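Student: I would like to go through this model and test each label against its criterion. Can we take it step by step?

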Amino acid sequence: MKLEQKKGHIWEFLLDFLAVNLGIAIYALGWAVFLLPYHITTGGLTGVFAIVYYLTKFPMSAALFIANGILLLISLKPLGWKFVAGTAYAVFALSSFLEIGQQVMTNPDGSLIQVLGPGQDSMACVLGAILNGIGVGMVFLAGGSTGGWDIIAALVNKHHNISFGRILLYLDFLVIASCWPIFHDWRMVVFGYVTLAVYTYVIDMLINSSRQDVQFIIFTRKHREICDRIITETAHSATVLDGEGYYTHGNVKVVFVIVHKRESLTLLRMIREIDPAAFVSQSRAEGVYGNGFNIIKP
């Protein structure tokens, strides 16, 4: 049984590893082939360094690698080596794919190839945003991270009960709006917001809304092991109630836990590993407030 579980874990890891790499490659493809050649930016740390690239021609891949490296060093102690190691690999892969993509898409004179031809900014904007959304969605589904804002969000949510998603959204809007005072080009601002909207929509469609929360009701005799793993491996806790099977009159523990949508697969794998005989109910949770989720507002 242990050998089968070990093989299952290895297979799941390989599938997740493949999905993360494929997602990052698709994300980098969207930037290298469609967004960068047409001088289009969007939110996030990648959008910040796209603007830097347009201004200075400093390679976006190198800038992302340096900035994320600093953020990961800062987050090593509060977030742990597992988070840092996984994100560090994703950052390295993203920087590598971006560098390869830009080299392939560069003309001998140093300009970037516009594969759709001149004046096709609208189509490049949409295609680039779709590829970005698909890529990041695949990474999220595999439990990975692309770094950037994700690292900052994880650091803040570790110690403060605030809705950092809204702050990140405001930052995204500021990054795109900065194109006007820097370049005096309303086209970049408009296309930046369109890219952000399409990109966000594609992610939501792909992973059924990354901000959606899920409630689990777990009937198990191994509640301590499950709760310990929830507390140590996620940012959430659990509630345990006493239960009784009416047919068997046997005692059973009922574990209630609410996690983010992107964490549901991790939790299901955790339950299966600890107690394959557990009875689990999963349902969508609307309006979750409290520690680790949204702030209660009047």
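Student: How do you know that the span of helix 2 agrees with its 13 residues?
Tutor: This is a predicted model, and the check is simple arithmetic. The expected span is 1.5 Å times one less than the number of residues. For the 13 residues of helix 2 that gives 18 Å, and the end C-alpha atoms lie 19 Å apart, so the two agree.

Student: Which residues of helix 2 are buried?
Tutor: Gly 44, Leu 45, Thr 46, Gly 47, Phe 49, Ala 50, Ile 51, Tyr 53 and Tyr 54. Buried requires under 20% relative accessible area.

Student: What follows helix 2?
Tutor: Lys 57 does, with a positive phi near 65 degrees.

Student: Where is Thr 42?
Tutor: In the loop that links helix 1 (2-35) to helix 2 (44-56).

Student: Why does Thr 42 count as buried?
Tutor: The cut-off is under 20%. Thr 42 has 5% relative accessibility, so Thr 42 counts as buried.

Student: Which residues does Thr 42 touch, leaving out those up to four places away in sequence?
Tutor: Trp 31, Gly 47, Val 175, Ile 176, Gly 192, Thr 195 and Leu 196. One of these, Gly 47, is itself among the buried residues of helix 2.

Student: Now the sheet. In what order do its four strands run?
Tutor: The order is 2-3-1-4, in an open sheet with antiparallel pairing.

Student: What makes strand 2 and strand 4 edge strands?
Tutor: Strand 2 (239-244) and strand 4 (279-285) each pair on one side only. Neighbouring strands of this sheet are turned by 20 degrees against each other on average, direction ignored.

Student: How do you know that strand 1 and strand 4 pair?
Tutor: Pairing needs at least two bridges. Strand 1 (residues 213-220) and strand 4 have seven bridges, in the antiparallel sense. In one of them, Asp 213 has Ala 285 of strand 4 as its partner.

Student: Which helix packs on the sheet?
Tutor: Helix 10 (residues 223-233), which touches strand 1, strand 2 and strand 3 (251-260). The direction of helix 10 makes about 15 degrees with that of strand 3.

Student: And the whole chain: how many helices and strands are there?
Tutor: Eleven helices and four strands. Of the 298 residues, 43% count as buried. The chain exposes about 16400 Å², with 66% of that supplied by carbon and sulfur atoms.

Student: What share of contacts between residues at least 6 apart in sequence join residues at least 24 apart?
Tutor: The share is 71%.

Note on methods:
Residues are numbered from 1 along each chain as its sequence is written. This is a predicted model: local features need pLDDT of at least 70, side-chain atom pairs count only at pLDDT 80 or more; totals for chains, interfaces and linings use all residues. Side-chain values use heavy atoms; hydrogens and water are left out. Helices (H or I, at least four residues) and strands (E, at least two) are DSSP runs, numbered from the N terminus. Buried means under 20% relative accessible area, exposed over 50%, partly exposed in between (1.4 Å probe, protein chains only). Contact means heavy atoms within 4.5 Å. Axes are lines fitted to C-alpha atoms, for helices over the stretch in contact, and angles run from 0 to 180 degrees between N-to-C directions. Accessible areas come from the Shrake-Rupley method with a 1.4 Å probe; for residues, only the protein chains shown count as cover.
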